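Student: I've just opened this one and don't know where to begin. Could we go through it together?

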Amino acid sequence: QMLVARDKVHPTAQPPTKSPARTKNRMTVREGESLVEAEKRLGTGTIKSCCFHVLKTAGPAGLSLQDIVLLTTKLGLKDWSAVKQPSNTVNAILSMDSAFVRPAPGRIKESK
């Protein structure tokens, strides 16, 4: 396959491919994955693992993004002082992993 650049065809051009690193960043719960398996997959010291820790006790309503930030800070799991918009960071990171779901707008809980 040839790509067109400025109306000229470059004979050695290759089409773009998905980077394995980008694909890996969009981790999802695999079919039949338990919460224990998901917790192991999330590792320790990551934003996802800190959020997972506070959401374990949240109940079916989950927590608001702001509450997740406050609880992770209060428990000493994450220092958000260097992050300009911690709620947006939490939202962006957790929205890419199906271990977390939205029971209502602005709220997140564990998937199972």
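What follows is a run of short questions and answers about this structure.

Tutor: A quick word before you start: this is a predicted model, where local features need pLDDT of at least 70, side-chain atom pairs count only at pLDDT 80 or more, and totals for chains, interfaces and linings use all residues. Residues are numbered from 1 along each chain as its sequence is written, and side-chain values use heavy atoms, with hydrogens and water left out.

Student: In what order do the elements of the protein run from the N terminus on?

Tutor: Helices (H or I, at least four residues) and strands (E, at least two) are DSSP runs, numbered from the N terminus. The protein has five helices and five strands. Read from the N terminus on, the order is β-β-α-α-α-β-α-α-β-β.

Student: What percentage of the residues of the protein count as buried?

Tutor: Here buried means under 20% relative accessible area, exposed means over 50%, and partly exposed is in between (1.4 Å probe, protein chains only). Out of the 112 residues of the protein, the buried share is 27%.

Student: Which strand order does the open sheet have?

Tutor: Two strands pair if DSSP finds at least two bridges between them. S4 and S5 (residues 107-110) pair in the antiparallel sense over two bridges, and S3 and S5 also pair in the antiparallel sense over two bridges. Put together, the order of the three strands is S3-S5-S4.

Student: Which strands stand at the edges of that sheet?

Tutor: The sheet is open, with three strands in antiparallel pairing. An edge strand here has a single partner strand, so one side of it is left without a neighbour in the sheet. The strands in that position are S3 (63-64) and S4 (100-101).

Student: Which residue stands opposite Phe100 in S5?

Tutor: Let's look at S5 from both sides. Ser64 stands opposite Arg107 in S5. Phe100, in turn, stands opposite Glu110.

Student: Which residue takes a positive phi in the hairpin of S4 and S5?

Tutor: That hairpin has five residues between the strands. The phi in question is near 80°, and the residue that takes it is Gly106.

Student: How many residues of helix H3 are buried?

Tutor: H3 covers residues 47-55 and is mostly covered. Among its buried residues are Ile47, Lys48, Cys50 and Phe52. Of the nine residues in H3, the buried count is eight.

Student: Why do the buried residues of H5 line one face of the helix?

Tutor: The buried residues of H5 are Pro86, Val90 and Leu94. Seen down the axis of H5, they line one face because they fall within a narrow range of directions, taken from the helix axis to the C-beta atoms. That arc is 55°.

Student: Which elements do the buried residues of H5 pack against?

Tutor: Packing is about contact, meaning heavy atoms within 4.5 Å. For the buried residues of H5, the partners are H3, H4, S4 and S5.

Student: Which residues are linked in a network of salt bridges?

Tutor: A salt bridge is a side-chain nitrogen of Lys or Arg within 4 Å of a carboxyl oxygen of Asp or Glu, and a search of the whole structure finds two. The side chains of Asp97 and Arg41 meet in one (3.0 Å, N to O), and those of Asp97 and Lys48 meet in one as well (3.2 Å, N to O). The network therefore takes in Arg41, Lys48 and Asp97.

Student: Is Asp97 buried or exposed?

Tutor: Asp97 lies in the loop between H5 and S4, while Lys48 is in helix H3, so the pair ties together parts that are 49 residues apart in sequence. Arg41 is buried, at 16% relative accessible area. With a relative accessibility of 1%, Asp97 counts as buried.

Student: Which residues form a nonpolar patch on the surface?

Tutor: Patches are made of residues with over 30% relative accessible area and no salt bridge; like charges are joined within 9 Å and nonpolar side chains (Val, Leu, Ile, Met, Phe, Trp, Tyr) within 5 Å. Leu77, in the loop between H4 (65-74) and H5 (86-94), is partly exposed at 32%. The patch has about 230 Å² of accessible area together (Shrake-Rupley method, 1.4 Å probe, with only the protein chains shown counting as cover for residues). Its members are Leu71, Leu75 and Leu77.

Student: How many Å apart in space are Gly59 and Glu110?

Tutor: Gly59 is in the loop between H3 and S3, and it counts as partly exposed at 37% relative accessibility. In sequence, Gly59 and Glu110 are 51 residues apart. In space, C-alpha to C-alpha, the distance between Gly59 and Glu110 is 8.9 Å.
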